[in-house]
Amino acid sequence: MSDRALITGITGQDGSYLAEHLLREGYEVYGLARWTSTSNEDRIEHIRDDLNLLTGDLADQPSLDRAVEAADPDEVYHLGALSFVPESFTQPTVTSNVTGLGTTRMLEAIRKYDPEIRFYQAGTSEMFGNAPDERQSIDTGFYPRSPYGVSKLYAHWMTVNYREAHGMYATNGILFNHESPRRGTQFVTRKITRAAARIAVGEQDELRLGNLNAKRDWGHARDYVKAMHLMLQQDEPDDYVVGTGEHHTVRECAQIAFDEVGLEWEEYVKVDEKFFRAAEVDALQADPSRAKRKLEWEPTTTFDEMIREMVQKDLAAVRSDD
Ligand code: NAP
Ligand code: GDD
């Protein structure tokens, strides 16, 4: 009998890549998707017939209980969240409810149904925030800087607590930024690659950005979902930091993206106060040595390759819209 996995957030960037990966690995894949008035299934349309979708919301315990029961999974990958940092300042209580308490609800649904189910929590480098260490490892102290980061930190400790209190196989993956052509269009890399493509074909005149000096450790989502899967295949549950170990500025991202379409980024990028954050995380850079050693995981795509891939996909999309 094949292994069964339930993915929350299956309609998101990571959910779609993880579903593809697990299908290739021979899993029967279930996904929790919330009800929406128009389809939110664009990213999984190509594999839709191979998936078992269940409706539910992370704010609604009965729907989560029902989803766990219906999927009867061996592994749960909990990726569902309100994941856009600026919006978490606008909607702090929804963020706390969905991103924070939603994790407790999933853990409870599993504990009640079958505490042997393995659980992955989608943790984030945003929990490090104003980190005291130049490179952040599992030993670095946490200092989140947004309602999103605070909610994820709550979820992180809940996951540790269910592991310690109930003996559950509950694992935190602390993942640094990861992107792809499927990234939401408001996140900075995709905002830049899409704008470069649209400017190149004459559909946009300029690109307004916030803090160009922010540094992030950016990898490719396709690589990072493999680390999630590996984490649940270990003998014992543990917590892992996953990143490339390199960081780059938003400015460098713009340079590469505009270079890919043969344009000078300075001619099109304007700094706009509107995109500065109430509290910024200036720089994040992973120390992923433990994940590399224990999981034998390596990123395969460089930052430069990823941004160019995203620009090319955005160019193809704008051209096909014509
Ligand atoms: P994403 O594209 O924003 O996807 C988020 C998913 O959560 C979507 O499927 C969304 O559904 C779902 N969701 C939101 N609110 C929900 C609710 N109330 N009930 C049920 N589902 C809900 O995020 P991602 O980039 O794939 O990231 C996946 C996870 O990893 C998130 O938890 C994120 O916080 C975390 N993470 C991401 C990164 C990164 O760089 N990408 C790094 C570290 C951690 P809709 O499609 O209906 O909106
Ligand atoms: N979104 C956005 N838009 N960010 C901008 C802009 C802009 O116009 N201009 C500059 N930035 C800067 C932000 O201030 C931030 O420092 C950096 O670009 C990255 O912003 P995002 O791409 O929005 O990602 P994030 O780092 O805040 O959060 C993402 O990564 C986290 C992991 O560290 C999200 O995917 C989170 O869900 C994830 O946990």
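A polar contact here is a pair of N or O atoms within 3.5 Å. By that criterion, a nitrogen atom of ligand 1 makes such a contact in this predicted model, lying 3.0 Å from a polar backbone atom of Leu-58.

Two further contacts of ligand 1 involve oxygen atoms of the ligand. One is 2.8 Å from a polar backbone atom of Asp-14, and an oxygen atom of ligand 1 is also found 2.6 Å from an N or O atom in the side chain of Tyr-148. On its own, ligand 1 exposes 900 Å², of which the protein buries 89%. The elements that contribute two or more residues to its shell are α1 (13-24), β5 (118-124) and α5 (147-166). Of these, β5 gives the largest share, 3 residues. In total 25 residues surround ligand 1, and the closest are Thr-11, Leu-79, Ser-83, Tyr-148 and Lys-152. By class, this shell consists of 8 nonpolar, 11 polar and 6 charged residues.

Tyr-148 leads on to ligand 2, where it is again listed with the nearest residues, together with Thr-124, Ser-125, Arg-277 and Glu-280, out of 24 around that ligand. Polar side-chain atoms of two of these residues approach oxygen of ligand 2: that of Thr-124 lies 2.6 Å away, and that of Ser-125 lies 2.6 Å away. The backbone takes part through Val-188, a polar atom of which is 2.8 Å from an oxygen atom of ligand 2. Ligand 2 taken alone exposes 720 Å², and the protein buries 96% of that area. Helix α6 (188-200) and strand β8 (207-209) each supply at least two residues of the shell. At the level of domains, at least three shell residues come from each of domain 1 (4-178 + 218-242) and domain 2 (184-217 + 247-282 + 302-321). The shell around ligand 2 contains 10 nonpolar, 7 polar and 7 charged residues.

The two domains also meet at an open space in the protein. The second largest pocket lies between domain 1 and domain 2, because both give residues to its lining. Its volume is about 360 Å³. The lining comprises 16 residues, with Arg-43, Pro-181, Arg-182, Arg-183 and Arg-190 nearest the centre of the pocket. Helix α10 (residues 303-321) gives the most to this lining, 4 residues. Sorted by class, the lining of the pocket has 9 charged, 4 polar and 3 nonpolar residues.

Technical notes
Residues are numbered from 1 along each chain as its sequence is written. Chains are lettered from A and ligands numbered from 1 in the order in which they are written. This is a predicted model: local features need pLDDT of at least 70, side-chain atom pairs count only at pLDDT 80 or more; totals for chains, interfaces and linings use all residues. Side-chain values use heavy atoms; hydrogens and water are left out. On a 1 Å grid over the protein atoms alone, a cavity is a set of points where a 1.4 Å probe fits but cannot get out, and a pocket is an open set with protein on both sides within 12 Å along at least five of seven lines; lining residues have an atom within 4 Å of a point. Grid points are joined across faces, edges and corners, and a volume is the space filled by probe spheres set on the points. Ala, Val, Leu, Ile, Met, Phe, Trp, Tyr, Cys and Pro count as nonpolar, Asp, Glu, Lys and Arg as charged, and the others, Gly among them, as polar. Domain bounds come from an automatic or database domain assignment. A residue is near a molecule or strand if one of its heavy atoms lies within 4 Å of it. A polar contact is a pair of N or O atoms within 3.5 Å; within protein, one must be able to donate a hydrogen and the other to accept it, and residues adjacent in sequence count only if both atoms are side-chain atoms. Accessible areas come from the Shrake-Rupley method with a 1.4 Å probe; for residues, only the protein chains shown count as cover.
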